[in-house]
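Biologist: Please pick one part of this model for a close look. Walk me through it step by step, and keep it concrete.

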Amino acid sequence: MNLSCTGLSVVSSRSRCLENVGAFVANKVAIPTSPLQSLRLGTWVKLICGASFEDVLHIRNLSLVYTLAGVDCIDCAADASVVTAVNQGIVAAQNISAVRRPWVMISVNDSEDLHFRKAEFNPEECPIYCPRPCEKVCPADAISRLNHLQGGVLTERCYGCGRCFPVCPYDKIREITYVRDVFATAELLRRNDVDAIEIHTDGRDHKSFAELWNGLGSSIEYLKLVAVSFPNLGDLTLPSMRAMYAVMQPHLSCHNLWQLDGRPMSGDIGRGATREAIAFAVSLAAAEDRPNGFLQLAGGTNANTVHGLKNVGLFQMTATAKNTTESTTAGAILSDSSSYAVISGVAYGGYARKIVGRVLRSMESEYGLSCIEDHPNYLLEALKEAHALVGTVKCQVVPPY
């Protein structure tokens with residue numbers, strides 16, 4: 001006889017449904033490689049929670065779901081409470097299924113960057129008859145509760161996508177930008193639950209980049225990976241990469257990665273958003289004189305990204321690993337006989353949050369703010385959404401070495 005979860009006692013229902021979640025992970029999620037192996041194989045997947053997104057319960061639930069789905073890294077704001085939330089989600093996932101721990105990455109910026117901004121306005125200045133288009137376009141629901149917020153925007157939910165700025169008919173919404181404090185960042189890196197850092201830069205101001213890097217000092221020694229996120233600068237891209245690598249290399253004691261930020265924070269808006277990231281990858285994959293480091297796509301990435309990589313012949317394409325450092329301290333590179341993926345993987349941000357966010361909103365409308373594992377039916381639904389995305393990369397996994 002088939003018993004639905006709602007037909008059992010509350011305790012046994014939750015236990016049975018969590019067993020279903022564990023069974024899904026065991027049957028559907030690819031055999032995990034280590035994060036480093038994933039980079040080498042081209043099966044690396046990173047979840048971007050958002051460099052400015054600080055809704056800790058939402059981040060905890062996202063981290064739980066995507067850890068179960070098999071991501072290699074979770075990228076979050078350089079904030080102690082956010083880092084704690086990510087790690088709590090990871091531990092909760094491991095309590096449900098024997099999944100390996102993804103690396104935890106924090107994001108910082110060396111200068112003004114659209115990933116590090118918030119929207120702000122005074123709702124008392126808004127005309128009563130305003131149709132409030134800002135509410136409709138906000139993907140984070142940061143202004144959906146407008147009448148209940150003194151400041152107009154729920155700051156911790158706003159991640160700076162900027163979609164509300166041009167639609168305000170009265171030009172009332174302001175942009176607030178900030179730069180993460182380098183000394184607070186260095187302290188975060190010394191925690192035992194942070195594995196990586198990502199530096200967002202425009203690629204042009206090498207002085208600011210060097211100041212940030214030097215300010216981090218010995219905290220870099222605690223890391224497994226340093227990533228640099230930058231836009232496509234055309235002919236200036238490679239010279240800029242070489243200049244940044246020259247700053248890092250003398251004190252880089254771990255692996256490094258270049259995040260190719262094609263079309264920032266746009267993956268959830270449509271099929272074509274991923275084209276710029278793929279074009280960026282094509283240009284760098286063909287460059288023989290790029291500096292050491294793994295290459296990873298971001299910016300506009302979504303469910304169509306892997307298909308686009310396949311169309312240009314870059315999905316898990318291998319080549320002699322002359323551009324991936326094995327020991328940057330000694331300045332050594334991998335042996336010429338090693339063949340690693342040219343494109344190491346994909347980072348998913350807005351799209352990844354959107355597909356699981358729909359489930360979280362449904363859960364919250366029924367139960368209020370909750371830990372998703374307390375409602376396993378919703379957890380399983382969210383996990384299926386996450387796995388469908390992560391699996392576009394992971395289902396092609398090559399057996400580990």
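Modeller: Accessible areas here come from the Shrake-Rupley method with a 1.4 Å probe. On that basis, the protein chain of this predicted model has an accessible surface of about 16,900 Å². Carbon and sulfur atoms hold 52% of that surface. The chain has 401 residues, and 57% of them are buried. Its secondary structure amounts to 13 helices and 14 strands. Take the contacts with a separation of 6 or more: 81% of them join residues 24 or more positions apart.

The part to look at is the barrel. Eight strands close it, in the order β1-β2-β3-β6-β7-β8-β9-β14, with parallel pairing. From one strand to the next, the twist averages 25°. Helix α13, residues 376-394, packs on this sheet. The helix touches β1 (44-48) and β14 (345-348), and its direction makes about 150° with that of β1.

Now go in strand by strand. How many residues of strand β3 are buried? Seven of the seven are, across residues 103-109, so the rest of the structure largely encloses this strand. Neither face is left open. On one side, Trp103, Met105, Ser107 and Asn109 are buried. On the other, Val104, Ile106 and Val108 are buried too.

Strand β2, residues 73-77, pairs with β3 in the parallel sense over five bridges. Ala77 stands opposite Ser107 of β3.

Strand β6 (residues 196-200) pairs with β7 (residues 225-230), again in the parallel sense and over five bridges. Here Glu198 faces Ala227 of β7.

The rings come next. The whole structure holds seven aromatic pairs. One of them is Tyr129 with Tyr170, edge-to-face, with 6.4 Å between centres and 70° between planes. This pair lies in loops, and its partners are 41 residues apart. Tyr129 belongs to the loop between β4 (117-120) and α5 (133-137). Tyr170 belongs to the loop between α6 (164-167) and β5 (174-177). Why do the two tyrosines fall into separate accessibility classes? The limit for exposed is over 50%. Tyr129 has a relative accessible area of 66%, so Tyr129 is exposed. Tyr170 has 33%, so Tyr170 counts as partly exposed.

Back in the barrel strands, Phe230 and Trp258 make another edge-to-face pair, 5.8 Å centre to centre with 85° between the planes. Phe230 is in strand β7 and Trp258 in strand β8 (residues 255-261), and 28 residues separate them. Both Phe230 and Trp258 are buried. Ring pairs also bring in Phe280, making a cluster with Phe230 and Trp258.

A further ring has a charge over it. The charged end of Arg353 sits above the ring of Tyr159, 4.3 Å from the ring centre.

Finally, return to helix α13, residues 376-394. A long-range approach involves Gly391: its C-alpha atom is 7.9 Å from that of Ala30, although the two positions lie 361 residues apart along the chain. Ala30 is in the loop between α1 (10-28) and α2 (35-41). Its relative accessibility is 25%, so Ala30 counts as partly exposed.

To recap the barrel: eight strands close it with parallel pairing, α13 packs on the sheet, β3 is largely enclosed, and Phe230, Trp258 and Phe280 form a ring cluster.

Definitions and conventions
Residues are numbered from 1 along each chain as its sequence is written. This is a predicted model: local features need pLDDT of at least 70, side-chain atom pairs count only at pLDDT 80 or more; totals for chains, interfaces and linings use all residues. Side-chain values use heavy atoms; hydrogens and water are left out. Two strands pair if DSSP finds at least two bridges between them. Helices (H or I, at least four residues) and strands (E, at least two) are DSSP runs, numbered from the N terminus. Axes are lines fitted to C-alpha atoms, for helices over the stretch in contact, and angles run from 0 to 180 degrees between N-to-C directions. Contact means heavy atoms within 4.5 Å. Rings of Phe, Tyr and Trp (its six-membered ring) pair if their centres lie within 6.5 Å; planes under 30 degrees apart count as stacked, over 60 as edge-to-face and the rest as tilted. Buried means under 20% relative accessible area, exposed over 50%, partly exposed in between (1.4 Å probe, protein chains only). A charge sits over a ring if NZ of Lys or CZ of Arg is within 6 Å of the ring centre and within 35 degrees of the ring normal.
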